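The following exercises ask the reader to work through a structure step by step. Each task is followed by its solution.

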Amino acid sequence: MPRPELVVALDFQTGAEALDMARALSSLAAPGQPGLWMKVGLELFVAEGPSVLRELKRMGFKVFLDLKFLDIPNTVRGAVRSAVKSGADMLNIHAAGGLDMAGIAAAARDEAFAELGGVGARPLLLAVTVLTSMQDVDNPILRGRPASEVALELARQSREAGLDGVVCSGQEAARVKQACGPDFVCLTPGIRVPDPDDAVPGDDQRRVMTPEAAVAAGADFLVVGRPITRAPRDKGGPAAAARGILERMARAAASAGR
Ligand code: C5P
């Protein structure tokens with residue numbers, strides 16, 4: 001299993017704030033360290049469009065475009081093509097869109113990558129299983145089934161459709177790897193460092209895990225937003241928080257033999 005990489009969620013309203021944050025973290029990307037990616041999600045992409053991806057790539061980051069496509073297959077096909085052409089190194093769809101939609105998304109990714117000349121790494125296409133903000137209790141989408149069971153079923157389906165991996169909770173990563181194979185990518189948001197002083201205000205994440213536990217469970221990418229981007233200045237701010245998480249990941253990876 002390759003070494004785990006850190007993906008920082010740039011959930012900001014403006015490109016200026018996002019790029020300032022990326023700049024503040026850029027010194028942390030170093031050879032021999034776990035890789036450092038930036039994530040552009042709905043808030044930032046709706047505000048700024050693809051230009052922010054180009055800027056981040058110019059700064060040397062790999063970019064995860066987290067727009068979680070879910071629509072009729074033809075529309076998703078076009079959206080995936082546009083995402084690949086915007087320079088995204090990783091993108092995602094909702095597994096809830098079904099096998100057809102996922103298969104068409106995978107084909108669209110391949111087409112667009114080939115049209116770009118097929119140079120470098122093919123962008124990773126992942127499927128969101130069950131959002132990490134969702135719990136089992138009273139959830140209309142899960143309909144009484146445990147989130148982990150639904151996530152596993154959606155992961156198997158995504159693999160069948162030709163996707164590279166899934167977005168799931170760290171709590172599900174080990175079982176997803178077991179069911180879908182070690183090369184099937186697990187990207188896990190909902191990462192929290194257990195320090196009550198660093199609690200994220202109004203936190204909506206529910207199925208959370210520490211960086212160490214996510215790495216031990218086999219996660220390939222850890223997505224961390226607010227614990228880094230809103231880290232208090234008196235504790236060194238975002239760069240110190242990101243450094244701490246990278247160190248925790250490196251230690252956990254070493255003890256897991258990764
Ligand atoms: O601030 P926090 O660490 O909770 O940020 C997590 C990021 O991961 C957010 O940008 C959120 O949109 C994203 N995400 C998630 N759960 C998923 C998929 C993506 O939290 N299943």
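**Exercise 1.** In this predicted model, determine which backbone contributes a polar atom 2.8 Å from an oxygen atom of the ligand, and then describe the ligand's polar surroundings and its cover.

*Solution.* The backbone is that of Gly225, a polar atom of which lies 2.8 Å from an oxygen atom of the ligand. Turning to side chains, a polar atom of Asp11 is found 2.6 Å from an oxygen atom of the ligand, and an N or O atom in the side chain of Lys39 is 2.7 Å from an oxygen atom of the ligand. As for cover, the ligand on its own has 460 Å² of accessible area, of which the protein covers 88%.

**Exercise 2.** Establish where the ligand sits, which elements give two or more residues to the shell around it, and how that shell divides by class.

*Solution.* The ligand occupies the largest pocket. Two or more residues of the shell come from each of S3, strand S8 (221-224) and helix H9 (226-229). The shell holds 16 residues, and those that come nearest to the ligand are Asp11, Lys39, Arg192, Gln205 and Arg226. Sorted by class, the shell consists of seven nonpolar, three polar and six charged residues.

**Exercise 3.** Locate Lys68, state what is notable about its phi angle, and decide whether Lys68 is buried, partly exposed or exposed.

*Solution.* Lys68 belongs to strand S3, which spans residues 62-69. Although Lys68 is not a glycine, its phi is positive, at about 45°. The relative accessible area of Lys68 is 26%, and because the partly exposed class lies between the limits of 20% and 50%, Lys68 counts as partly exposed.

**Exercise 4.** Place Asp164 in the fold, classify its accessibility, and identify the side chain with which the side chain of Asp164 makes a polar contact.

*Solution.* Asp164 is in the loop that lies between helix H6 (147-160) and strand S6 (165-167). Its relative accessibility is 15%, so Asp164 counts as buried, the cut-off being under 20%. The partner in the polar contact is the side chain of Arg109, at 2.7 Å.

**Exercise 5.** Decide whether Ala214 is buried or exposed, and relate its separation from Glu247 in sequence to that in space.

*Solution.* Ala214 is part of helix H8, residues 211-216. Because its relative accessible area is 0%, Ala214 is buried. Between Ala214 and Glu247 the separation is 33 residues in sequence, while in space the two are 14 Å apart, taken from C-alpha to C-alpha.

Note on methods
Residues numbered from 1 in each chain as written. Predicted model: local features only at pLDDT ≥ 70, side-chain atom pairs only at ≥ 80, totals over all residues. Heavy atoms only, no water. Helix = DSSP H or I, 4+ residues; strand = E, 2+ residues; numbered from the N terminus. Buried < 20%, exposed > 50% of the residue type's maximum accessible area, 1.4 Å probe, protein only. Near = heavy atom within 4 Å. Polar contact = N/O pair within 3.5 Å; in protein donor to acceptor, adjacent residues only side chain to side chain. Areas by Shrake-Rupley, 256 points an atom, 1.4 Å probe, with all protein chains shown as cover. 1 Å grid on protein atoms, 1.4 Å probe; cavity = no way out; pocket = protein on both sides within 12 Å on 5 of 7 lines; lining within 4 Å. Sits in = over half its atoms within 2 Å of the grid points. Nonpolar A, V, L, I, M, F, W, Y, C, P; charged D, E, K, R; others polar.
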